[in-house]
Amino acid sequence: MNNNAKKQTAGRNALGVFAPKFAELNDDVLFGEIWSRETELSPRDRSIVTVTALISGGNFEQLTFHLNKAKENGITRSEIAEIITHLAFYTGWPKAWSAFNIAKEIFKDENESSVDNGIWDKGEKGSSDWFTGTVWVKPLLTPDEMENLYNIGCVTFEPGGRTLWHTHPIGQTLLVIEGKGWYRERGKAARLLTKGSVVAIPKNVEHWHGAAKESKLVHIAISNMKGSSNVTWLNPVTEEEYNEVNNQN
Ligand code: MN
């Protein structure tokens, strides 16, 4: 996608009334006539030049916007780390530190998500055989520790994350400790989950649970085992099924 062809209005939005000429130069000349000369110099190269100039000058207020633009223009996480390491020797150590602190947020790895459950470490990323989207599973008490009666864990669903459709042979209890999400049994209306919701899931009933589209959901899951560790995993919850629930409220 060509991001630079998008009409730039940041200048007019920020300064159109206070400094209309500056706003016009920013939007129509700098972005409209210079950044857009993509045949002469690629947007990616222009981003490297611009980020370098901003860090050199210590202009960190403008750096956030331009690091996001650099990412859009194809600069990777490892490349920006290399660029700033290189610059440290020419612009000075403190400027590199300041730049890194901004860059690490913008180029955050998915595995370093700041979504947490507020109590324990969030655990391991759940398998796509069980979940859609990003979901973290923290075992709290394993069947081994519970005489094979229960399996107790904390599940942290990032926004949009949910289980596949599934059943539990002896049922499951969910205790919601944070966020907002949904519990849905096949053929029934979805139930909204919020902090404090308690869900008793009957045995062998097809259902799914997960976060709302715009919010994380954290629940403790207590699965009854009684010697049987089987959860029967079925089909994924489709985008259509998921959107239907999210549009319900
Ligand atoms: Mn379940």
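## Ser 47 and its surroundings

Setting aside neighbours within four places in sequence, Ser 47 is in contact with Trp 35, Lys 69, Ala 70 and Asn 73. One of these partners comes up again at the side-chain level: Ser 47 and Asn 73 are joined by a polar contact of 2.9 Å between their side chains. Keep in mind that this is a predicted model.

Is Ser 47 buried or exposed? Its relative accessible area is 2%, so Ser 47 counts as buried, the cut-off for that being under 20%. As for where the residue sits, Ser 47 is part of helix H3.

## Helix H3

H3 runs over residues 43-57, which makes 15 residues. From first C-alpha to last, the helix reaches 21 Å, close to the 21 Å expected at 1.5 Å a residue. Just after H3 comes Gly 58, with a positive phi near 70°.

Which residues of H3 are buried? They are Pro 43, Arg 46, Ser 47, Thr 50, Val 51, Leu 54 and Ile 55. Around the axis they cover an arc of only 160°, so they lie on the same side of H3. The spacing fits the usual helix geometry: with 3.6 residues a turn, an α-helix has residues three or four places apart pointing the same way.

And what do the buried residues of H3 pack against? Four helices are involved: H2 (20-35), H4 (60-72), H5 (77-91) and H6 (93-106).

## Salt bridges in the helices

The structure holds 14 salt bridges. Let's start with Asp 27 and Arg 12, whose side chains meet at 3.6 Å, N to O. Asp 27 belongs to helix H2 and Arg 12 to helix H1 (residues 10-15), so this pair ties together parts that are 15 residues apart in sequence. The two ends sit in rather unlike surroundings: Asp 27 is buried at 2% relative accessibility, whereas Arg 12 is partly exposed at 39%.

Helix H2 also has a salt bridge of its own, between Lys 21 and Glu 24, with the closest N and O atoms 3.2 Å apart. Both residues lie in H2, three residues apart, or about one turn of the helix. Lys 21 is exposed, with a relative accessible area of 51%, while Glu 24 counts as partly exposed at 29%.

## A link between a strand and a loop

Away from those helices, Lys 138 and Asp 121 form a salt bridge in which the closest N and O atoms are 3.0 Å apart. This one links distant parts of the chain: Lys 138 is in strand S3 (residues 135-141), Asp 121 is in the loop between H6 and strand S1 (124-125), and 17 residues separate them. Asp 121 is partly exposed, at 49% relative accessibility.

Some salt bridges also share partners, and in this way Arg 12, Asp 27 and Asp 28 are joined into one network.

## The manganese site

Which protein atoms are the donors of the manganese ion? They are NE2 of His 166, His 168, His 207 and His 209, together with OE1 of Gln 172. These donors lie 2.2 to 2.3 Å from the ion.

Along the sequence, the donor residues follow the spacing H-x1-H-x3-Q-x34-H-x1-H. Among them, His 168 and Gln 172 are buried.

Terms used
Residues numbered from 1 in each chain as written. Predicted model: local features only at pLDDT ≥ 70, side-chain atom pairs only at ≥ 80, totals over all residues. Heavy atoms only, no water. Helix = DSSP H or I, 4+ residues; strand = E, 2+ residues; numbered from the N terminus. Expected span 1.5 Å × (residues − 1). Buried < 20%, exposed > 50% of the residue type's maximum accessible area, 1.4 Å probe, protein only. Arc of directions from axis to C-beta. Contact = heavy atoms within 4.5 Å. Polar contact = N/O pair within 3.5 Å; in protein donor to acceptor, adjacent residues only side chain to side chain. Donors = N, O, S within 2.8 Å, 3.2 Å for Na, K, Ca; no water. Salt bridge = Lys/Arg side-chain N within 4 Å of Asp/Glu carboxyl O.
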